[in-house]
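Colleague: I am new to this structure and would like a close look at a single part of it, with the terms explained as they come up. Could you take one helix and follow it outward into its surroundings?

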Amino acid sequence: MRHPVDSLGWEMINRKWPHFASDPRSIRLGLATDGFNPFKDLSSKYRPKQPGNDIDVYLASLINDLILLWSDVVEMYDAVAKSTFNLKDILMWTIHGFPAYKNVSGWPVKGKIACPICREHTCSVWLSHCRKLSYMGHRRFLALSHPFRVKRSWFDGHIENGIRPKIKTGEEDSSEVDKIYLMAQVMFDLQTLLIRHNLDVMHVEKNICESIINTLLNVKGKSKDGINCRKDLEAMNIRHDLHPESRGNKFYLLAAPHTLSKAEKQMFCKRLATLRLPDGYGSNIANCISVEEFKIVGLKAHDCHLLMQQLLSVALRRLLPKGPRNSIFKLCSFFNEICQGVVDRNKVEILEEDVSETLCMLERYFLPSFFDIIVYLTIHIGREVRLCGPIQYRWMYPFERYMKVLKGYVMNHARPKGCIAERYIVEENVMFCSKYIKQASAIGSKTASNEEYESDFLVAGRPISKGKPLVLSD
Ligand SMILES: [Zn+2]
């Protein structure tokens, strides 16, 4: 699969509405929702209020338009064929970050049943000391004969006999909660769409990457390990070797499998800070790293993407004990393979099997507090790829980037909306006019930063640092 057109979801629409699919002029839409602060870095005091659940008000008019387009009444003129035709559209799926998932789908993405896919079968445990829910139970997704299922002491002290939750499809998929599709019911037969809302892999990757790094470096306040997490282990009566030891009026925490020593932390930070990467590969991660304090702060979503895809597996080499290290490597390789531009449907099924095992391995080495809902969602990413095609057409990156463009338009802080509207129109006009001006340079296209070195025959790179002489022996 290299495009949603190769996916089962697309095929399903073709089968259900052959008339719609036969006309190449029919439009298939994806709806992205995202919020942004037009005032760049100003404090949250000045941040405009996000609509939250009131987004329905904005959606209502959009849905009216969609319904109008679906109902065969919109006549368009085809300039090539020189005839009129009925323009039709379909809303294939929506794309949004996890908090917005709630506003658009109507499913509460917090609490015991936070997973919008497993729904009431979500497996959650309340951690009374950390005061939050932990979502584990990944062993349910393993084959019934898998050895992990009978390992009591590695996991929650029980033998796992549960089976993977059945994912509801079609009308049983509680159409009463799904607001957007409820409003658009006239338009769709709900059974037809395999996936209505996408999990956003960008946010999933970012959250998991931050959780792993903060836990490994034991960053105060952000680490998923600490006295409360250990007390929860005691309360759950599992992993006895990690229980906090009371010494006088202080507690002593023994090293967990994922704990890095001071020297190892320094090595990890140093490796990331001194990495030399090709031009245009990503932003300079070294700026976010403080080698002395063992801290990595201010990583952007794309930095986390790079870390998860490639860099983390390099930086962690020979650092942790073999078990936890391999589980992190396997998770990274899952994200790498699932995010490829071209994916094989059969291979995705194998990846799905593998990732449930990987998550079980993480469950074995990390503490229950590590498993927030975002980590839990990883198990469903494979399924969405199988049904809807490559991830690069269904994640938030393009929209988040465009938000930055729009943010740049705001010059008058008193009138952000006006600024955006005005500048957008002006840019469009200028772009239109420039097409009629001879020798006008293209607007909005950037030149590569190393262009002066390139010729037709030879593409030479610029050295990124002073070279070090190295004498090779025989
Ligand atoms: Zn789930």
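Modeller: Helix α11, residues 345-365, has 21 residues and reaches 31 Å from its first C-alpha to its last, close to the 30 Å expected at 1.5 Å a residue, where the expected span is 1.5 Å times one less than the number of residues. Helices (H or I, at least four residues) and strands (E, at least two) are DSSP runs, numbered from the N terminus. This is a predicted model, in which local features need pLDDT of at least 70 and side-chain atom pairs count only at pLDDT 80 or more, while totals for chains, interfaces and linings use all residues. Residues are numbered from 1 along each chain as its sequence is written.

The buried residues of α11 are Val 348, Leu 351, Val 355, Ser 356, Thr 358, Leu 359, Cys 360, Met 361, Leu 362 and Glu 363; a residue is buried if 20 or more other C-beta atoms lie within 10 Å of its own, exposed if 12 or fewer, and partly exposed in between, with C-beta atoms placed from the backbone. Among the elements that cover these buried residues are α10 (322-338) and α12. One residue of α11, Leu 351, is in contact with Ile 338 (their C-beta atoms, placed from the backbone, lie within 7 Å). Leaving aside its neighbours within four places in sequence, Ile 338 is also in contact with Ile 381, Gly 382, Val 385 and Ile 391.

Ile 338 leads on to the largest nonpolar core, a core being a set of buried Ala, Val, Leu, Ile, Met, Phe, Trp, Tyr and Cys residues joined through C-beta atoms within 7 Å. This core has 80 residues, and those touching the most other members are Tyr 135, Val 201, Leu 312, Ile 338 and Tyr 376. Helix α12 (residues 373-388) gives the most to this core, with nine residues. The core also draws at least three residues from each of domain 1 (4-122 + 165-198) and domain 2 (201-393), with bounds that come from an automatic or database domain assignment. In soluble globular proteins, nonpolar side chains tend to be buried together.

For the wider setting, the protein has 14 helices and 11 strands, and buried residues make up 28% of its 474 residues. Of the contacts in the protein with a separation of 6 or more, 64% are accounted for by residues 24 or more positions apart.

Note on methods:
Two residues are in contact if their C-beta atoms, placed from the backbone, lie within 7 Å.
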